[in-house]
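Q: I have a structure to go through before I return to the bench. Could we look at it together, beginning with the sheet?

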Amino acid sequence: MKAVPAARHGVPVACVNLATVDLGVPFDKLTAALQKCYDRHFLPVWGYPLKLYNTRKPKPTDWQLVYMDDADKAGDLGYHNLTKNGQPVSKVFVKTSLDQGELVSVTACHELFEMAIDPLANLWAQGPHDTEYAYEMCDPVEEDTFLVDGIPMSNFLHPSWFEPIKHPPGTKFDHLGSLKKPFSMTRDGYAIIKKNGKIWELFASGRKERRFAKEQRVGHRSEHRKPDGLLIAQKKRRPGRL
């Protein structure tokens, strides 16, 4: 029998639970829901298969989705934006998420989607006004959720969101159909943008900016987009007003 290429099964993603606090959903159930959500909703849009599995010892060649208490724990364990074997890793800070009133399942889904399309957090799309937008799948529709087997999952962008062209009527720019044009955001969304050599967060509302300012961002994958030496600024700007 001819062997099936490994890529057809998807890139293996080792899910590792190192958190000491409750995830809010049984670990096995959460991983199953994430896989179902990915296969049913995300994969048909983006076309990049992943295969999740729970383990305590990831294979050196596999990507990782790691649950831990907070960024301090990540530092203690040596987790950064890549594993020690040079593979992509997404970190879900369970205690930090819960302290900020976020659901662990939504955070995990958010991180999984974004790692899938931009595993190194280094891709940008050219938008209007000589502005580049980070390939972050969930930030512009952050806090919008839908259910998979009763478990909340994160809304996500479609490829059309990153295309600065006029799209035909009925084009979807996100999974839930909340957005009507490229580079737009829901009220609780934000985008990471780059212009004139500077990177900053573009907020859809003052409410989101205030909430964002209270968040613990250390260790978040988006922080890796801010290289040393670049001026980092956080500015409240309305969409389209660059």
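A: Certainly. Please note that this is a predicted model. It contains an open sheet of four strands, arranged in the order β2-β1-β3-β4 with parallel pairing.

Q: Which strands stand at the edges of that sheet?
A: Those are β2 and β4 (residues 89-93). Each has a single partner strand, so one side of each is left without a neighbour in the sheet.

Q: And by how much are neighbouring strands turned against each other?
A: On average the angle is 20°, with direction ignored.

Q: How many bridges join β3 to β4?
A: Five bridges link these two parallel strands. Within the sheet, Gln64 stands opposite Val89 of β4.

Q: Which strands of the sheet does α2 touch?
A: Helix α2 packs on the sheet through contacts with β1, β2 and β3. The direction of α2 makes about 175° with that of β2.

Q: What about α5, which strands does it lie across?
A: α5 lies across β1, β2, β3 and β4. Relative to β4, α5 runs at about 165°.

Q: Back to α2, please. Where does it bend?
A: The helix covers residues 27-46, and it bends by about 40° at Asp39.

Q: Which of its residues are buried?
A: The buried residues of α2 are Phe27, Leu30, Thr31, Ala33, Leu34, Gln35, Cys37, Tyr38, Phe42 and Trp46.

Q: And what do those buried residues pack against?
A: Their partners include three strands of the sheet, β1 (11-17), β2 (50-54) and β3 (63-68). They also pack against α5 (104-117), β7 (145-148) and β8 (151-154).

Q: What follows α2?
A: Gly47 comes after the helix, and its phi is positive, near 65°.

Q: A change of topic: what is the phi of Glu143?
A: Phi of Glu143 is near 85°, a positive value in a residue that is not glycine. Glu143 is located in the loop between β6 (132-134) and β7.

Q: Why does Glu143 count as partly exposed?
A: The relative accessibility of Glu143 is 35%. Partly exposed covers values between the buried limit, under 20%, and the exposed limit, over 50%, so Glu143 belongs there.

Q: And Asn196, where is that residue?
A: Asn196 sits in the loop between β9 (190-195) and β10 (198-203). Although Asn196 is not a glycine, its phi is positive, about 55°.

Q: Is Asn196 buried or exposed?
A: Asn196 counts as exposed, because its relative accessibility is 69% and the cut-off for exposed is over 50%.

Definitions and conventions. Residues are numbered from 1 along each chain as its sequence is written. This is a predicted model: local features need pLDDT of at least 70, side-chain atom pairs count only at pLDDT 80 or more; totals for chains, interfaces and linings use all residues. Side-chain values use heavy atoms; hydrogens and water are left out. The bend at a residue is the angle between axes fitted to the seven residues ending there and the seven starting there. Buried means under 20% relative accessible area, exposed over 50%, partly exposed in between (1.4 Å probe, protein chains only). Contact means heavy atoms within 4.5 Å. Two strands pair if DSSP finds at least two bridges between them. Axes are lines fitted to C-alpha atoms, for helices over the stretch in contact, and angles run from 0 to 180 degrees between N-to-C directions.
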